[in-house]
Structure formats: C-alpha cells, structure tokens
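Please read the following explanation with the structure open beside the text, and find each residue as the paragraphs come to it.

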Amino acid sequence: MAKTRPGKRDLDSYTIKGTNKVIKAGDCVLMRPPETNKAPYVAKVEKLEADNRNIVKVKVRWYYRPEESIGGRRPFHGSKELFLSDHFDVQSALTIEGKCTVHSFKNYSKIKDVGTEDYFCRFEYKAATGEFAPDRVAVYCKCEMPYNPDDLMVQCEGYCRGWFHPSCIGMTIVQAHNLECFLCAGCSSKDEVKRSLNKFPVSPSAETKAEAKRRKK
C-alpha cells in the first residue's frame with residue numbers, strides 16, 4: 001500500500017455524498033466524467049485519504065471500456081466488458097456517483113439477470129502499449145472468435161461438443177431457440193451418427209431447442 005503523504009490521513013471508508021452507500025479500498029465505483037453525455041467511468045478503489053481540511057481524495061485504478069483501448073471495440077467484446085488497466089490516478093471523492101460490481105468472466109457468465117451496475121473483466125490492459133494479459137483466450141465456432149456473453153450460441157451434441165453462433169451455421173435466432181438437439185456438419189457426417197440425421201448437416205429440424213451459454217436479458 002502507498003504511504004500516506006504528510007498532512008494526510010488514511011480512511012477506512014467513505015460514504016458517497018447524497019447516499020448511504022459506503023465504499024472501501026477494493027470496491028469498484030462509478031465516477032462522474034467531465035462530459036455529461038458520457039457513461040460513468042469505472043474504477044477500482046486503491047486507497048482513501050483526507051487532508052487537514054477534511055477533503056477526501058481517492059486513489060483509483062481505472063477500468064477501460066473496449067472503445068477506449070488502442071485496438072478499439074471488437075465483435076467478441078461484451079457490452080458490459082471492461083479491461084483492468086495499469087493507469088492509476090487520484091481523484092476527488094465527490095466525483096464518485098455510485099458503486100458497481102466487476103465480476104470475473106466466469107462468474108458473469110453465470111448471471112441470469114445482468115443488472116445496470118454489473119460488469120465483467122477478463123483482460124488486464126497496458127494503457128501505454130495496448131498490450132493485453134492474457135494475450136490469448138479460447139476461441140469458438142467456425143469464425144474462431146472468443147466468447148461474447150451477449151451472443152446466443154448453440155452446442156453440438158456430437159463428438160466435438162463445440163459451440164457455434166447460429167449465423168455462422170446458416171441458422172436464424174428463432175430456429176436456434178426452437179432446437180432440442182444440434183449436430184454440426186462435421187459430427188453429422190461421422191459413421192456413428194444415425195443415417196436419419198445426415199439430412200440435417202447444418203441445422204436440425206425447427207422442432208428442436210437450443211442450449212445457450214448465456215445471453216443478455
């Protein structure tokens with residue numbers, strides 16, 4: 001933890017002005033941007049301190065939205081995705097608007113009802129160079145893209161057990177929702193698959209029901 005500067009004292013907590021919400025080091029917060037038409041900044045609180053005039057400052061570590069990164073937003077980035085940056089800053093505690101939760105990618109994918117203050121992070125980001133850690137993640141579907149938790153995907157129930165975007169396998173969202181089982185083109189052509197299923201090399205009948213990883217409500 002950083003040392004407290006002369007004339008400063010560490011605070012264990014701070015109550016957001018106009019609310020009863022209490023923040024502590026380690027919490028994630030929404031911070032008011034200079035432009036009124038922009039979404040709140042998201043930051044992780046590293047330290048709280050007050051000076052001899054009782055003015056409270058907060059040391060934060062910024063989260064970046066994909067569009068704020070050097071590479072910009074890409075198709076696999078979720079609408080609530082953030083990158084934990086190496087950009088630290090000190091701001092007035094009065095700019096804190098509220099609390100939020102930044103989940104791990106794994107935990108976020110299990111949430112059934114995503115709230116306004118729910119976000120997720122799967123990458124750390126170096127603001128100066130645009131580098132990410134980890135620099136590689138698992139990819140899915142024929143398009144070989146990382147998983148976007150906002151998108152519906154269907155799982156092959158054959159040998160490969162792969163996940164596919166409906167649009168990548170010639171299927172509409174409506175058809176995907178109506179699936180009961182699905183075999184990809186590769187698995188449907190294998191010897192162990194019943195001949196009666198081979199006439200559906202891409203998408204089964206519309207009477208079946210899809211299994212989705214998770215989709216945004």
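In this predicted model, the largest nonpolar core has 20 residues, and those with the most contacts inside it are Ile23, Val29, Met31, Val58 and Ile96. Two or more residues of this core come from each of strand 4 (28-31), strand 5 (41-51), strand 6 (56-64) and strand 9 (118-125), and it is strand 6 that gives the most, with five residues. Such grouping fits a general tendency, since in soluble globular proteins nonpolar side chains tend to be buried together. A useful place to begin looking is Ile96, which, when residues up to four places away in sequence are not counted, touches Ile16, Ile23, Val29, Leu30, Met31 and Val58. Apart from this core lies another one, of 16 residues, among them Trp163, Phe164, Ile169 and Cys187.

These cores belong to a protein with three helices and twelve strands. Of its 217 residues, 40% are buried, and the accessible surface comes to about 12900 Å², with 50% of that surface belonging to carbon and sulfur atoms. Among the contacts between residues at least 6 apart in sequence, 58% join residues that are at least 24 apart.

Which residues does Ser85 contact, once its neighbours within four places in sequence are left aside? Ser85, which lies in strand 7 (residues 81-92), is then in contact with Arg61, Trp62, Tyr64 and Tyr125. For Trp62 there is a polar approach to describe, in which a polar atom of the Ser85 side chain lies 2.7 Å from the backbone oxygen of Trp62. Ser85 has a relative accessible area of 0%, and therefore counts as buried.

Strand 7 also holds a residue that takes part in the aromatic pairs, of which a search of the whole structure finds twelve. A pair of aromatic rings is described by the distance of the centres and the angle of the planes. In the pair of Phe83 and Phe132, the ring centres are 4.9 Å apart and the planes stand at 85 degrees, so the pair is edge-to-face. Because Phe83 lies in strand 7 and Phe132 in strand 10, this pair ties together parts that are 49 residues apart in sequence. The two partners differ in how they are covered, for Phe83 is buried at 0% relative accessibility, whereas Phe132 is partly exposed at 29%. Phe132 also pairs with Tyr125 in a tilted arrangement, with 5.0 Å from centre to centre and 45 degrees between the planes. Tyr125 has a relative accessibility of 2% and so counts as buried, and this residue was met above as one of the contacts of Ser85. Ring pairs link Tyr64, Phe83, Phe123, Tyr125 and Phe132 into a cluster.

Aromatic rings also appear here as partners of charged side chains. Lys80 lies over the face of Tyr119, at 4.7 Å from the ring centre, and Arg122 lies over the face of Phe105, at 4.5 Å from the ring centre.

The backbone deserves a careful look as well. Most residues other than glycine have a negative phi, and most peptide bonds are trans, so departures from either pattern are worth locating. The peptide bond from Ala133 to Pro134 is cis, with omega near -5 degrees, and Pro134 is found in the loop between strand 10 (132-133) and strand 11 (154-155). The loop between strand 10 and strand 11 also holds Cys141, whose phi is near 70 degrees, a positive value in a residue other than glycine.

Is Cys141 buried or exposed? With a relative accessible area of 13%, Cys141 is buried, because the cut-off for that term is under 20%. Arg161 likewise has a positive phi, of about 60 degrees, although it is not a glycine. Arg161 is placed in the loop between strand 11 and strand 12 (163-164), and its relative accessible area of 43% makes it partly exposed.

Notes. Residues numbered from 1 in each chain as written. Predicted model: local features only at pLDDT ≥ 70, side-chain atom pairs only at ≥ 80, totals over all residues. Heavy atoms only, no water. Core = buried A, V, L, I, M, F, W, Y, C linked by side-chain atoms within 4.5 Å. Buried < 20%, exposed > 50% of the residue type's maximum accessible area, 1.4 Å probe, protein only. Helix = DSSP H or I, 4+ residues; strand = E, 2+ residues; numbered from the N terminus. Contact = heavy atoms within 4.5 Å. Polar contact = N/O pair within 3.5 Å; in protein donor to acceptor, adjacent residues only side chain to side chain. Areas by Shrake-Rupley, 256 points an atom, 1.4 Å probe, with all protein chains shown as cover. Phe/Tyr/Trp six-rings, centres within 6.5 Å; stacked < 30°, edge-to-face > 60°. Lys NZ or Arg CZ within 6 Å of the ring centre and 35° of its normal.
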